[in-house]
Amino acid sequence: PDVSGGNHWPQGTFVGEVPGAGLSDGSGSEAAPLTKVLVPLADMINHRYSNDGDDSALCEWGLEAGPARGGGGGFVVRSFGEISAGTELSLSYGHLGAAGSLMSYGFTPNPPQKWEGSQYYEYVVLDLQLERLLTLAQGEPATEADTVRKSRVWRRDETATAFSPPLLPRARNSEEGVRQLLISNGDAEAGRALLSLLRCAVASPTELRDLLESSGESVEEVEDANEVGGGDGSELASARWLAREPLTARNELAAMQLLGELTSHQLSRYKESLAADLKLLERPASIPPNRLNAVRVVAGEKRVLNHLALLSHIAVRHLTDVGGYGGASNGSSGDVPLVDVELSGMSYRRLLGFLLGKADLDAWH
C-alpha cells in the first residue's frame with residue numbers, strides 16, 4: 001500500500017480489546033474482563049487520530065449491550081456526523097506511536113496535526129546499564145567498592161517478572177543490569193524515573209548512604225545482602241525510585257551532565273541528522289514506503305533525544321551560571337540541598353518539574 005497518504009490499510013485483522021460486558025445477556029451484571037473480538041468489516045476502516053483538526057477520524061467504535069432481556073449486544077461503528085456519499089470512512093486505532101504502529105499494523109501513521117499529543121507518536125527506548133553510564137560520567141572514576149554497592153541497588157528488581165512503565169519488561173536474553181526506559185517529550189513521569197537512575201549512578205558514597213537511610217536502609221545492609229536481586233522488586237527501593245527528587249548541587253550537576261553525555265552518545269549512532277530526516281519528510285510522497293516508515297521512526301527517536309539534550313543543557317547552564325555551582329564537584333557548596341536554590345525566579349525543583357512536563361523547550365534555549 002501507499003503509506004504516504006492520509007489513510008492506510010492495517011496489516012492484518014482488526015482485533016479490539018473491549019469490555020466483555022457488552023456481549024452479555026443484558027442482565028445488568030458487573031462488567032466482565034476485557035475481551036478480544038474479530039470484526040471483519042471494521043478492519044477495513046483506515047486509521048486517523050481522534051480530535052486532530054481537519055484530519056480527525058470520522059467514526060468511533062465500541063460495544064453496546066443488548067436489550068435488557070434480549071441479549072445480543074454488538075460491536076458498533078458510529079459516525080460523528082453526516083458523511084457525504086463516496087467519502088472514505090476512518091476511525092482511530094488509539095494513540096499510535098510510529099514505531100509501535102509499524103510493528104503492530106505494518107505502517108507508520110501521518111504525524112498528528114495537534115502536537116500536544118505527540119508524546120504518543122514519538123518516543124525513544126534508552127538502554128541504561130550502570131557500568132556503561134559510569135564510563136560516560138564526568139568527574140572522578142568510581143571506586144570498585146562504590147560500584148559494587150551501586151550495582152546491588154541498581155539490580156534489586158532484576159528478577160521482577162514485569163517492570164512498571166516507563167521501564168519495559170526485561171527480555172530473557174537481555175544483558176544483566178540493563179534497564180530499558182521508554183520516554184517521550186513532556187513525559188514527566190518517565191523523566192523522573194530516568195533522572196532517578198542517573199542520580200544513583202553518579203551518587204557519591206555519602207549521597208548513596210543518605211539515599212538508603214532515607215528509605216530506612218543502610219549501606220551495611222546492602223553490602224551484607226547475598227542476593228543481587230530483590231525478589232519481585234517490591235520490598236526494596238530500586239534505583240528508579242530512590243532519587244526521584246534532586247539531592248545536592250554536586251549530584252544534580254553530575255546527573256544532568258551525564259544525561260547530556262548519554263544523549264550525545266545515542267545520537268552519534270545515527271548516520272543521518274535530524275535535520276536531514278525532517279527535510280526528507282517534507283516530501284513524503286517522493287519517499288519509498290519502507291524508507292518513509294523507517295525515517296518517521298528514527299526521526300521521532302532523534303527528536304526526543306535532542307529534547308533531552310536540550311533539557312540537560314538548560315539545567316547545567318542554570319546550575320553553573322545562575323546557581324553558581326560550576327565548581328560543585330570539588331567544593332563544599334556541592335553538598336547544599338537543592339530545596340531553596342532560586343533559579344530564574346523559582347526554586348530548582350519547581351523549575352525542573354516545569355521543564356520535565358514541557359513537550360517543547362525551544363523557548364527556554
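**Exercise 1. Determine what share of the chain counts as buried, and how its contacts are distributed along the sequence**.

Step 1. Of the 365 residues, 42% count as buried, where buried means under 20% relative accessible area with a 1.4 Å probe and protein chains only. The model is a predicted one, in which local features need pLDDT of at least 70, side-chain atom pairs count only at pLDDT 80 or more, and totals for chains, interfaces and linings use all residues. Residues are numbered from 1 along each chain as its sequence is written, and side-chain values use heavy atoms, with hydrogens and water left out.

Step 2. Take contact as heavy atoms within 4.5 Å. Among contacts in the chain with a separation of 6 or more, 72% are between residues 24 or more positions apart.

Step 3. The chain has 11 helices and 10 strands; these are DSSP runs numbered from the N terminus, helices being H or I with at least four residues and strands E with at least two.

**Exercise 2. Describe how helix 4 and helix 8 are packed**.

Step 1. Two packed helices are described by the angle between their axes and the distance between the axes.

Step 2. For helix 4 (residues 188-201) and helix 8 (residues 249-267), the axes come within 9 Å and cross at roughly 115°. Axes are lines fitted to C-alpha atoms over the stretch in contact, and angles run from 0 to 180 degrees between N-to-C directions.

Step 3. Helix 4 and helix 8 are therefore roughly perpendicular, a class that covers 65 to 115 degrees.

Step 4. On the helix 4 side, the contact is formed by Leu194, Leu195, Leu198, Arg199 and Ala201; helix 8 contributes Asn251, Glu252, Ala255, Met256, Leu258 and Leu259.

**Exercise 3. Characterise the surroundings of leucine 197 and lysine 302**.

Step 1. Leucine 197 lies in helix 4 and is buried at 2% relative accessibility.

Step 2. Beyond residues up to four places away in sequence, leucine 197 touches Leu128, Trp154, Leu181, Ala239 and Arg240. Leucine 197 and leucine 130 are 67 residues apart in sequence, with a C-alpha to C-alpha separation of 8.7 Å.

Step 3. Lysine 302 belongs to helix 10 (residues 289-322) and is buried, with a relative accessible area of 3%.

Step 4. Neighbours within four places in sequence aside, lysine 302 is in contact with Leu267, Tyr270, Glu272, Ser273, Leu274 and Asp277.

Methods. Parallel < 35°, antiparallel > 145°, perpendicular 65-115°, else oblique. Buried < 20%, exposed > 50% of the residue type's maximum accessible area, 1.4 Å probe, protein only.
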